[in-house]
Structure formats: C-alpha cells, structure tokens
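I'm opening a fresh page for a structure I haven't looked at before. Below are my notes, in the order I went through things.

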Amino acid sequence: MRKGGEVLFLLMLLVLWCGDAAAQGALVVGVTPQQSAGRLAESWVPLLEEAGRRFGAPLTFRTAPATEEFERRVLAGEYDVIYGSPVLYVAAARVLGARAIARQRQDEQGVLVVKGDSAIASVADLQGRVVAFPAASAYGASILTQAELRRQGVDFQTKTLASDESVYRAVLDGMADAGGGALRTLGRQDIETRSFLRVLMITEPYAAYPVFVLPRVGRKQAAHLQAVLFSLDSDATGQAALKRATLQGIALADDHTYDPVRRLGLDAVERLLKGAAP
C-alpha cells in the first residue's frame, strides 16, 4: 500500500492531468532489450497503446537488437522517453540532462543461475569459471551479481551477451558455466527454460529500472506523462497492461533515487560513456 504522502502527490498529479486536456505531442519510447525485439513488442506495445490513449498522443515503441546498441541510441538522444537500467539513467542524466519521473515498483535483484544438473553447488565453485552476463551496465544482471562475486572473493571469466534471455540460453546450451540475470527477467522465461535452470544466488534488492525523459520533453508534458503512468497503476485496465509488460506497478522516482548507483556502479557508468562516445 502506498504511503499517505505518496498518495497525496499522485492525486495532485492526476488533478494536473485531468485539468490539462490540451493535446500532447507524440513521443518515442525506448525500451531496453532484455528480451528479443519481437517478444518485447508483444509485451510493451499494448501498454504504450493504453498509455497513449490516456496521454492523448501516440507513444511509439522502439528498442534495439542488443543492449550496447540501445545504450548508444539513448546517449545519442534517439528516444524521448526511456525505460532502461539505472546505470544508463545516471549516464544520460550526466551528459543529456535526463530526468527520472517514475520507476518500476518491484525492486531490482540480480540472480546467478546454473544448469539444473551442474555440479556447481555454491558461488565459491565459480572460481575461474566462465560466467555470462548481458551488458556491463545491466544493473541487476551484471553490476549487482558481479559485485557479490567480488565481495565473496571469486575470480571469474566474463562472457558478454546481448540480453538476459541470451544469458539463460547460453547456460542451458553449455556456453557458460553460470549466468547473471535479473530476478524478474528469469521469472518471465517459459516454464521449460526455468525448469532446466537452478538459482545459485540472489542479490540484495535495489531501486528498479526508471522511466526517464530527455530535456526536450518539457516539464509540463513530463508531468502529464507521469500522471498517466500512475493512472495505469490505479485501475484494472491499466494494471493488466502493466502486468503484460511484466511491470509490477509504478512508483515515484527522482534523480536522488539513483544515488546508490553513482556509488556502486560508477565504473560501469564511466565505461558506458566511453563506449558511447563518437
């Protein structure tokens, strides 16, 4: 249940939303490619269609074939609104002046998985082994899991792949001894995939992926969009659309929400910025 102050704030946003019925400009929404583009579109297009109906203008779905390419496009300013990793947000806030307006309600947790019949029984058994990860900036899947491996003194060989989904597939196919993912992306894999994977470790929770906007989305328009996002979380139609996109509700977020990323993921932010530089 939301706290009283948050409820009051959301009510104020909804009043603003309802009181400003002026047409809004169409926006392009970039969604991080944690799944294949086709599966991601199946999840997100219905959500953006419902949100666009409430917003009063189209919210167009876009993604990229791999996380690194998505990050490059975000930092090149190709999307107006972005659902991406906390690390990508911190980088975009620094170089583009991006502003967080909301976040996924469910906290982010990283997970390490192995094949179900693997002899690996503990994190310590990963010493010297090949561990697959999506992009270095993937908060739960890479940063949180690698931080825990380092905390436990485990040295490992890194194999970088395109997405959480491709990491799980690499583990199943024997291309890696273990793989890092996000707990929520593991939960949306098909039953067969999950049944042949075994969870080795789950990290502590941190604030989940943000929704953020670039400065060209003015503050009035951003407030309107923020109100729309919260409205989705307040009725059955909106909740069904969120569930289809595997989002367990919408919570408040601002720039300070991601201050922990600036400490824990600073190296990843710097690598991302260097990799995206022209």
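**Entry: ground rules.** I'm working with a predicted model, and I count residues from 1 along the chain as its sequence is written.

**Entry: domains.** I started with how the chain is divided. I found domain 1, covering 27-107 + 207-276, and domain 2, covering 110-202. Domain 1 is thus written as two stretches, with the domain 2 range sitting between them in the numbering. I looked up the C-alpha centres of domain 1 and domain 2 and got 24 Å between them. For contacts, I noted 26 residues of domain 1 touching 18 residues of domain 2.

**Entry: a sheet.** Next I traced an open sheet of five strands, in the order S7-S6-S8-S5-S9 and with mixed pairing. Which strands stand at the edges? I have S7 (157-160) and S9 (197-202) there; each has a single partner strand, so one side of each has no neighbour in the sheet. From one strand to the next, the twist averages 30 degrees. I then picked out one pairing inside the sheet: S5 (residues 110-115) and S8 (residues 178-182) run antiparallel and are joined by four bridges. Following Leu112 across to S8, I landed on Gly180 as its bridge partner.

**Entry: aromatic rings.** I searched the whole structure for aromatic pairs and got seven. The one I wrote down is Tyr83 with Tyr209, a tilted pair with 5.6 Å centre to centre and 40 degrees between the planes. This pair links distant parts of the chain, 126 residues apart. Tyr83 belongs to strand S3 (residues 81-83), while Tyr209 is in the loop between S9 and strand S10 (210-213). Are these two tyrosines, Tyr83 and Tyr209, buried or exposed? I checked, and both Tyr83 and Tyr209 are buried. Trp44 joins Tyr83 and Tyr209 in one aromatic cluster. I also spotted Arg184, whose charged end sits over the ring of Tyr209, 4.5 Å from the ring's centre.

**Entry: helix H4.** I wanted to know how many residues of H4 (residues 86-96) are buried. My tally is eight of the eleven, so H4 is largely enclosed by the rest of the structure. The buried ones are Pro86, Val87, Leu88, Tyr89, Val90, Ala91, Ala92 and Ala93. What covers them? I listed several elements, including helix H3 (67-75), strand S4 (99-104), helix H5 (139-151) and S10. Helices H11 (259-264) and H12 (266-276) are also among the covering elements. After H4 comes Gly97, and its phi is positive, near 75 degrees.

**Entry: Ser163.** I found Ser163 in the loop between S7 and helix H6 (164-172). Why does Ser163 count as buried? Its relative accessibility is 8%, and the cut-off for buried is under 20%. Leaving aside neighbours within four places in sequence, I see Ser163 in contact with Pro33, Gln34 and Pro134.

**Entry: Thr246.** My last stop was Thr246, which has a positive phi of about 55 degrees although it is not a glycine. I placed Thr246 in the loop between helix H10 (236-244) and strand S11 (250-251). Thr246 counts as partly exposed because its relative accessibility is 27%.

How values were computed. Predicted model: local features only at pLDDT ≥ 70, side-chain atom pairs only at ≥ 80, totals over all residues. Heavy atoms only, no water. Pairing = 2+ DSSP bridges. Helix = DSSP H or I, 4+ residues; strand = E, 2+ residues; numbered from the N terminus. Axes fitted to C-alpha atoms, helices over the stretch in contact; angles between N-to-C directions. Phe/Tyr/Trp six-rings, centres within 6.5 Å; stacked < 30°, edge-to-face > 60°. Buried < 20%, exposed > 50% of the residue type's maximum accessible area, 1.4 Å probe, protein only. Lys NZ or Arg CZ within 6 Å of the ring centre and 35° of its normal. Domains from an automatic or database assignment. Contact = heavy atoms within 4.5 Å.
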